[in-house]
Amino acid sequence: MTVQMNTAGGVAGNTNIVSNEPAEELVRIGEMAKKYGVTLRTLRFYEDKGLLKPERDGATRLYTHRDRVRLKLILLGRKVGFSLREVKQMMDLYDPTGTNTKQLRLALEKSEKQLVRLQKQRALIDDAINELSGAMNSVRQMVAERAAATSAAAN
């Protein structure tokens with residue numbers, strides 16, 4: 001069930017990312033989890049860490065447009081290998097009335113470092129793939145030689 005509320009201005013969230021979701025739409029935790037492919041536990045964990053701040057209606061968590069944008073950023077950050085601490089650092093620098101130059105510089109700096117780490121990981125993985133492929137080719141050759149020897153001995 002989606003809850004609709006009117007808000008003055010609609011909060012864009014702690015990012016410069018613009019979404020075409022209505023700002024006044026509040027989403028319950030189950031809908032949020034389903035929509036973004038995360039567990040309820042994950043959403044509660046992100047709330048405990050201060051990454052998300054859903055509104056409350058009694059015990060019911062209601063997620064705003066801002067929360068949805070922040071969750072998208074959290075998931076993107078995790079996908080590319082940022083820690084939750086790094087994601088939070090970058091998001092917390094957002095100032096809806098400022099230029100966000102500091103936030104953008106930090107995001108760029110962290111992204112450049114992460115890209116170097118990922119490229120190193122890729123090189124290590126490429127090496128491992130090449131080693132494994134070579135070892136598999138050697139084993140295939142030994143199997144073929146032994147099968148031929150067994151076949152020749154049987155004749």
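These legends describe close-up views of a predicted model of one protein chain.

**View 1. The whole chain combines five helices with four strands.**
Read along the sequence, the order is β-β-α-α-β-β-α-α-α. The chain has 155 residues, and 30% of them count as buried. About 10600 Å² of the chain is exposed. Carbon and sulfur atoms supply 56% of that area. Now look at contacts between residues at least 6 apart in sequence. Of these, 55% join residues at least 24 apart.

**View 2. Helix α2 spans residues 40–48 and holds three named buried residues: Leu 43, Tyr 46 and Glu 47.**
Look down the axis of α2: the buried residues fall within an arc of 105 degrees, so they line one face of the helix. The face turned away from that buried side carries Arg 41 and Asp 48, which are exposed. Just after the helix comes Gly 50, with a positive phi of about 80 degrees.

**View 3. The buried residues of α2 pack against both helices and strands.**
The helices are α1 (29–36), α3 (65–79) and α4 (84–92). The strands are β3 (55–57) and β4 (60–63). Find Leu 43, Tyr 46 and Glu 47 again, since these are the buried residues of α2.

**View 4. Glu 47 meets Arg 61 in a salt bridge.**
The closest N and O atoms of the pair are 2.5 Å apart. This bridge links distant parts of the chain. Arg 61 sits in strand β4, and Glu 47 sits in helix α2. The two are 14 residues apart. Are these partners buried or exposed? Both Arg 61 and Glu 47 are buried. For Glu 47, the relative accessibility is 19%. The cut-off for buried is under 20%, so Glu 47 falls on the buried side of it.

**View 5. Glu 47 also forms a salt bridge with Arg 56.**
Here the N to O distance between the side chains is 2.9 Å. Arg 56 has 45% relative accessibility and counts as partly exposed. Its partner Glu 47, at 19%, counts as buried.

**View 6. Glu 109 and Lys 113 pair up within helix α5.**
The helix covers residues 101–154. The two residues are four apart, about one turn of the helix. They form a salt bridge, with the closest N and O atoms 3.5 Å apart. Glu 109 has 40% relative accessibility, so it counts as partly exposed. Lys 113 has 49%, and it too counts as partly exposed. Elsewhere, salt bridges that share partners join Glu 47, Arg 56 and Arg 61 into one network. In total, the count comes to five salt bridges.

**View 7. Glu 86 is buried but has no salt bridge.**
This residue lies in helix α4. Which side chain of opposite charge is nearest to Glu 86? Arg 117 is, at 4.0 Å. The side chain of Glu 86 does reach the backbone nitrogen of Ser 83, at 2.8 Å. Leave aside the neighbours within four places in sequence. Glu 86 is then in contact with Gly 81, Lys 110 and Arg 117.

Conventions:
Residues numbered from 1 in each chain as written. Predicted model: local features only at pLDDT ≥ 70, side-chain atom pairs only at ≥ 80, totals over all residues. Heavy atoms only, no water. Buried < 20%, exposed > 50% of the residue type's maximum accessible area, 1.4 Å probe, protein only. Contact = heavy atoms within 4.5 Å. Areas by Shrake-Rupley, 256 points an atom, 1.4 Å probe, with all protein chains shown as cover. Arc of directions from axis to C-beta. Lys, Arg positive; Asp, Glu negative; His and termini not counted. Polar contact = N/O pair within 3.5 Å; in protein donor to acceptor, adjacent residues only side chain to side chain.
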